Structures are given as structure tokens and as C-alpha cells.
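Got the viewer open? Set the display to cartoon, keep the selection box handy, and follow along from stop to stop.

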Amino acid sequence: MGETAMPYVIHALWSVSVWHLFSGCLIGCTNSLVNAGSLVTKINFPKEALVFSAIGQAVLYFIIRLLPVTIVFIWYGFIPSWHSLLIPFILISIILYGFRRWLYHGDY
């Protein structure tokens, strides 16, 4: 890995947290429909409710993971630049991409 403006520990912990958010959204959306297969075929309800609950679970786990990330930021005394104000937009796009992948490749 090349040089970064932040210590490697912070970079690795943050990157893994964001990756888990994306993979949690993608896998959770798919598994929510697969695991509720009999419910989906027998009851008429919006299937998106299952998907949104899976995304909510991934987002909740991400929020919980932010606690160790924040502690490591404080431990190393690293202050993010003003570019970090764009992070919520990036995270929202990651969540929407996970939802989009389900929408186009999911099973009803």
C-alpha cells in the first residue's frame, strides 16, 4: 500500500467498516428474501419491507462499528480533513448500490 495521510490502522479499520456496510446490505437483502421464501409465496405484502429491514440491520451494525473507529481516531490524534464532510454522501451511495444490486438481480 502506498502512502496515505492517515495511519494504516485507521485506514484499515475504516475501510473494513465501509466494506462490511456494503456486503451487509448486499447479502442481507438477498438472504432476507431467500429465508422468507414460504412467507413471500403465501402472503401478499410488499417484499421491499424485507429488504429495507435488512438494510436497516446493516446500517445499525455500521453505526455500532463507528465506536471503535472513533476511539482509534482519538487514540492516534488524527483529525480528518474537511473532505470528510462528503462521507455521508458516499455511505448513502454505497447503501443504494447494495439495494440496486438486489433490485436488478433479486428474486421475487
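Is Val34 buried or exposed? Select Val34, which lies in helix 1, and show its side chain. Its relative accessibility is 55%, and the cut-off for exposed is over 50%, so Val34 counts as exposed. While you're there, add Lys47 to the selection. Lys47 is 13 residues from Val34 in sequence, and the C-alpha to C-alpha distance between the two is 11 Å.

Before going further, colour by pLDDT, since this is a predicted model. The chain averages a pLDDT of 83, with 91% of its residues at 70 or more. Helix 3 has the highest mean of the chain's elements, at 90, while helix 4 (residues 87–105) has the lowest, at 76. Keep a general caution in mind: where pLDDT is low, the predicted coordinates shouldn't be read in detail.

Next, go to helix 3, which covers residues 48–76. Pick Thr70, found in this helix. With 41% relative accessibility, Thr70 counts as partly exposed. Now add Ile10: Thr70 and Ile10 sit 60 residues apart in sequence, yet their C-alpha atoms are 9.3 Å apart in space.

Stay in helix 3 and select Tyr76. Tyr76 is partly exposed too, because its relative accessibility is 42% and the partly exposed class lies between 20% and 50%. Switch on a surface and add Val9 and Trp75 to the selection. Together with Tyr76, Val9 and Trp75 make a nonpolar surface patch of about 380 Å².

Now for the largest pocket. Select Trp14, Phe73, Pro80, Ser84 and Ile87, which are the lining residues nearest its centre. The full lining has 18 residues, and the pocket holds about 420 Å³ of space. Who contributes to that lining? Helix 1 (8–35), helix 3 and helix 4 each supply at least two residues.

Keep Pro80 selected and add Ala5, in the segment before helix 1. Their C-alpha atoms are separated by 9.4 Å, although their positions lie 75 residues apart along the chain. Ala5 itself counts as exposed, with a relative accessibility of 77%.

Last stop: Leu85, in the loop between helix 3 and helix 4. Leu85 has 64% relative accessibility, so it counts as exposed. Draw a distance from Leu85 to His20, C-alpha to C-alpha, and you should get 21 Å, for a pair 65 residues apart in sequence.

Note on methods. Residues are numbered from 1 along each chain as its sequence is written. This is a predicted model: local features need pLDDT of at least 70, side-chain atom pairs count only at pLDDT 80 or more; totals for chains, interfaces and linings use all residues. Side-chain values use heavy atoms; hydrogens and water are left out. Patches are made of residues with over 30% relative accessible area and no salt bridge: like charges are joined within 9 Å, nonpolar side chains (Val, Leu, Ile, Met, Phe, Trp, Tyr) within 5 Å. Accessible areas come from the Shrake-Rupley method with a 1.4 Å probe; for residues, only the protein chains shown count as cover. A salt bridge is a side-chain nitrogen of Lys or Arg within 4 Å of a carboxyl oxygen of Asp or Glu. Helices (H or I, at least four residues) and strands (E, at least two) are DSSP runs, numbered from the N terminus. Buried means under 20% relative accessible area, exposed over 50%, partly exposed in between (1.4 Å probe, protein chains only). pLDDT is the predictor's confidence in each residue, from 0 to 100. On a 1 Å grid over the protein atoms alone, a cavity is a set of points where a 1.4 Å probe fits but cannot get out, and a pocket is an open set with protein on both sides within 12 Å along at least five of seven lines; lining residues have an atom within 4 Å of a point. Grid points are joined across faces, edges and corners, and a volume is the space filled by probe spheres set on the points.
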